[in-house]
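This report looks at one protein model, beginning with its nonpolar core and moving on to a loop and a strand residue.

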Amino acid sequence: MTENMHEIEAFLLKERAKVLSEAEWRFRMRGYGYNLRRTHDGVEVARLPQNKVLGTFEM
């Protein structure tokens, strides 16, 4: 696992293209150890199980 937000963002967007809904995407990303949450700034990414926020990216 990486802490580089650019690599994480690229991975998340690639995985988002594979699913039909945002709910399915969030569920899949929990399996990879990421918790995603929509905010007014974009998508907040946190590392599980500590739920440590890594950053936010626009989508």
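## Nonpolar core

In this predicted model, the largest nonpolar core is made up of 12 residues, namely Met5, Ile8, Leu12, Val19, Trp25, Met29, Tyr34, Leu36, Val43, Val45, Leu54 and Phe57. Two or more of these residues are given by each of the elements α1 (5-16), α2 (22-31), β1 (34-39), β2 (42-47) and β3 (52-57), and the largest share, 3 residues, comes from α1. In soluble globular proteins, nonpolar side chains tend to be buried together.

Val45 is one of the core residues, and, when its neighbours within four places in sequence are left aside, Val45 is in contact with Met5, Ile8, Leu12, Tyr34, Asn35, Leu36, Lys52, Val53, Leu54, Gly55 and Phe57.

## The loop between β2 and β3

Pro49 lies in the loop that runs between β2 and β3, and the peptide bond leading from Leu48 to Pro49 is cis, with omega near 5 degrees.

Asn51 is found in the loop between β2 and β3 as well, and, although Asn51 is not a glycine, its phi is positive, at about 60 degrees. With a relative accessible area of 39%, Asn51 is partly exposed.

## Glu44 in strand β2

Glu44 belongs to strand β2 and counts as buried because its relative accessibility is 16%, where the cut-off for buried is under 20%. The side chain of Glu44 is joined to that of Arg37 by a polar contact of 2.6 Å.

Not counting residues up to four places away in sequence, Glu44 touches Asn35, Leu36, Arg37, Thr39, Val53, Gly55 and Thr56.

Technical notes. Residues are numbered from 1 along each chain as its sequence is written. This is a predicted model: local features need pLDDT of at least 70, side-chain atom pairs count only at pLDDT 80 or more; totals for chains, interfaces and linings use all residues. Side-chain values use heavy atoms; hydrogens and water are left out. A nonpolar core is a set of buried Ala, Val, Leu, Ile, Met, Phe, Trp, Tyr and Cys residues joined through side-chain atoms within 4.5 Å. Buried means under 20% relative accessible area, exposed over 50%, partly exposed in between (1.4 Å probe, protein chains only). Helices (H or I, at least four residues) and strands (E, at least two) are DSSP runs, numbered from the N terminus. Contact means heavy atoms within 4.5 Å. A polar contact is a pair of N or O atoms within 3.5 Å; within protein, one must be able to donate a hydrogen and the other to accept it, and residues adjacent in sequence count only if both atoms are side-chain atoms.
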